[in-house]
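Happy to go through this one with you, one term at a time. Each answer sets a value beside its definition and then draws the conclusion.

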2 protein chains.
Amino acid sequence: MDNGPAPRTVAELGEFGVIERITRDRRASPAESIGPGDDAAVLAAPDGRVVVTTDMLVQDRHFRLDWSDPDDIGHKAIAQNAADIAAMGARVTGFVVALACPPDTTLDFVDRLNKGMSDEAARADGAIVGGDLVQAPILVISITAMGDLGDRAPVLRSGARPGDVVAVAGTLGRSDAGWAALRAGRRDLTDVIDAHRAPRPPYAAGITAADRGATAMSDVSDSLLADLGHIATASGVAIDVALSALADPVLDAAARELEADARQWVLTGGEDHALAATFPPDVALPEGWTTIGRVEAGAGVTVDGAAWSGNSGWQSFTV
Amino acid sequence: MDNGPAPRTVAELGEFGVIERITRDRRASPAESIGPGDDAAVLAAPDGRVVVTTDMLVQDRHFRLDWSDPDDIGHKAIAQNAADIAAMGARVTGFVVALACPPDTTLDFVDRLNKGMSDEAARADGAIVGGDLVQAPILVISITAMGDLGDRAPVLRSGARPGDVVAVAGTLGRSDAGWAALRAGRRDLTDVIDAHRAPRPPYAAGITAADRGATAMSDVSDSLLADLGHIATASGVAIDVALSALADPVLDAAARELEADARQWVLTGGEDHALAATFPPDVALPEGWTTIGRVEAGAGVTVDGAAWSGNSGWQSFTV
């Protein structure tokens, strides 16, 4: 019997066929009791509360198909959601993914996107437990992450107090440097380009920070200055950052190659999804955390005691 | 002091301004302990499990701006997610909403969309507890709903047994009839057009069905035949539907006006988001549920004992 050529695009295989294909060899989350295939999934929430966040990525706005491989896009989409869960001091339990794509999207693209998402979900100790697949003229990936607090109090942006230490876990500015390298056509600067394509947030550091008594925490998605600004505003405090604590030889090397200012990347670049937190002054910082500044009475964020000139990071609907 | 003209579009007000505007007078969900404004929200999950589902709506694919008001689009987007929670026998606790829109989207549009979503969320006893707002060339609304099982076992599609009664709660086919009326330019057929624009699923009926021992349940989003087909396949049974039990005077009236076949709407139309469930034969159906058929040994779905000719309902990526 001749079944004709194997399907090559999502339109040829159809919605249900694509869903069957990408869920067939799925690794389950340890937290799931009902996975894909019913009206909804069921995840454990042993704490009696669930932490939830959502982020959407739009083609040509948050990623470019000529600059990122599909698996990198998948990594990035999951990472930015999982980082928000970690920033509350919670552990990821699972993700749901809504994907819109043009009918001529290849099954190879979907397979690789799904692999990137699944691998990063596993890095965060979770899995994709449900989703939706629809047609649109451009690719849109919308992800919701869920997490469990494990009897910890959620670490909010509003708890920083004057005298607290400001610290970060993970890299800063490398994603922005990678974007600059791509725009400059410098595909040889792989350290920073890889950071842009597929950030690797330090999820476990969010939980250790919560356990060590972090007073406030956020992931760095807009920029260090912008996200510390959110903490400062929510907490009613000022934050001063020490530039010398933010030195990164990888950024310095890229800055030399691109004749750019590494300080601008580290302060105003987003999308590395590092974690920034404040700790009481007497606390020994957990492993992976580095002191970068101090909480003071007042308002706003300063760098070495002065306002930073220049833009302060990403906002939607700006050009 | 002259601040210039008031902002009129999302680009003029900016991402953070729009979020502040639509969350300012937000009604909180009884289940939320942390709402919008931090890295993630925190919802109660008293059962120790959380039910989660996601659905995405794309402009010109799932709604048309010239056929639906923004508040109707909002109702529909929330309703289709909340119906999936109800179909598991769970109660909605909250929603997160990711919205992509063009920069020239008016604030009036966003306000009305948000009002429709918030009103329908309240109808389901929940609220929008978080979200994301991004730029895209078309409108895309991606919603994730969470719910609590209240110590009930989730009602899956796989539990139907031969001898069970098949029943529905809510209307069938009216959304599809409304779509036909709109395509025919018959805006006077408001009963069915309203059903198309803003379905009103019977959320509470999902919980009463679970309490009464429903063996399988699904919302009717693709079509009655397709969604009963999912139950039949998952349960390894056959289902026979009695056409006489599906009569609806509202559909009959619309069918006469449009010279259409009401049976086609009721059997193959989706998007009313009624609930379909199977019950043990000795159970007295809860209020709001109507018997429409019977579970038998075998496979597939029949109508009055025979296969239904014609298409069986919605799939993405079909023309």
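Q: What makes residues 37-147 of chain A a span of 31% helix and 37% strand?
A: Those shares follow from DSSP runs, where a helix is H or I over at least four residues, a strand is E over at least two, and numbering starts at the N terminus. By that count the span is 31% helix and 37% strand, and its end C-alpha atoms lie 21 Å apart. The UniProt record (unreviewed entry) gives residues 37-147 of chain A the feature "domain: PurM-like N-terminal". UniProt positions here follow the numbering in use, feature names are shortened, and annotations may be inferred rather than shown by experiment.

Q: How should the numbering and the values be read?
A: Residues are numbered from 1 along each chain as its sequence is written, while chains are lettered from A and ligands numbered from 1 in the order in which they are written. This is a predicted model, in which local features need pLDDT of at least 70, side-chain atom pairs count only at pLDDT 80 or more, and totals for chains, interfaces and linings use all residues; side-chain values use heavy atoms, with hydrogens and water left out.

Q: Why is chain A described as domain 1 and domain 2?
A: The bounds come from an automatic or database domain assignment, and it gives domain 1 (10-148) and domain 2 (165-303). Their C-alpha centres lie 26 Å apart.

Q: What makes domain 1 and domain 2 of chain A count as being in contact?
A: Contact means heavy atoms within 4.5 Å, and 20 residues of domain 1 of chain A meet that condition with 20 residues of domain 2 of chain A. Buried area is the accessible area (1.4 Å probe) that two parts lose on being put together, summed over both. For these two domains that comes to about 1800 Å², with carbon and sulfur atoms giving 58%. On the domain 1 side, Trp67(A), Lys76(A) and Arg123(A) lose the most area to domain 2, together 35% of what that side buries.

Q: Why is the pair Arg200(A) and Glu120(A) called a salt bridge?
A: The rule asks for a side-chain nitrogen of Lys or Arg within 4 Å of a carboxyl oxygen of Asp or Glu. In this pair the closest N and O atoms are 3.9 Å apart, so the pair qualifies. Across the interface of domain 1 and domain 2 of chain A the rule finds 2 salt bridges.

Q: How do you know that Asp39(B) and Arg157(A) form a salt bridge?
A: Their side chains meet at 3.4 Å, N to O, so the rule is satisfied here too. The count between chain B and chain A is 4 salt bridges.

Q: What makes Glu271(A) and Lys76(A) a polar contact?
A: A polar contact is a pair of N or O atoms within 3.5 Å; within protein, one must be able to donate a hydrogen and the other to accept it, and residues adjacent in sequence count only if both atoms are side-chain atoms. The side chains of Glu271(A) and Lys76(A) are in polar contact at 3.2 Å. Glu271(A) is found in the loop between α10 (262-268) and β10 (274-279) of chain A. UniProt lists Glu271(A) for "binding site" (unreviewed entry), along with His62(A) and Trp314(A).

Q: Why are residues on the side of chain B that touches chain A called nonpolar, polar or charged?
A: Ala, Val, Leu, Ile, Met, Phe, Trp, Tyr, Cys and Pro count as nonpolar, Asp, Glu, Lys and Arg as charged, and the others, Gly among them, as polar. The interface has 22 residue pairs in polar contact (both at pLDDT 80 or more), and the chain B side divides into 40 nonpolar, 14 polar and 11 charged residues. The contact takes 65 residues from chain B and 65 residues from chain A, with about 5000 Å² buried, of which carbon and sulfur atoms give 63%.
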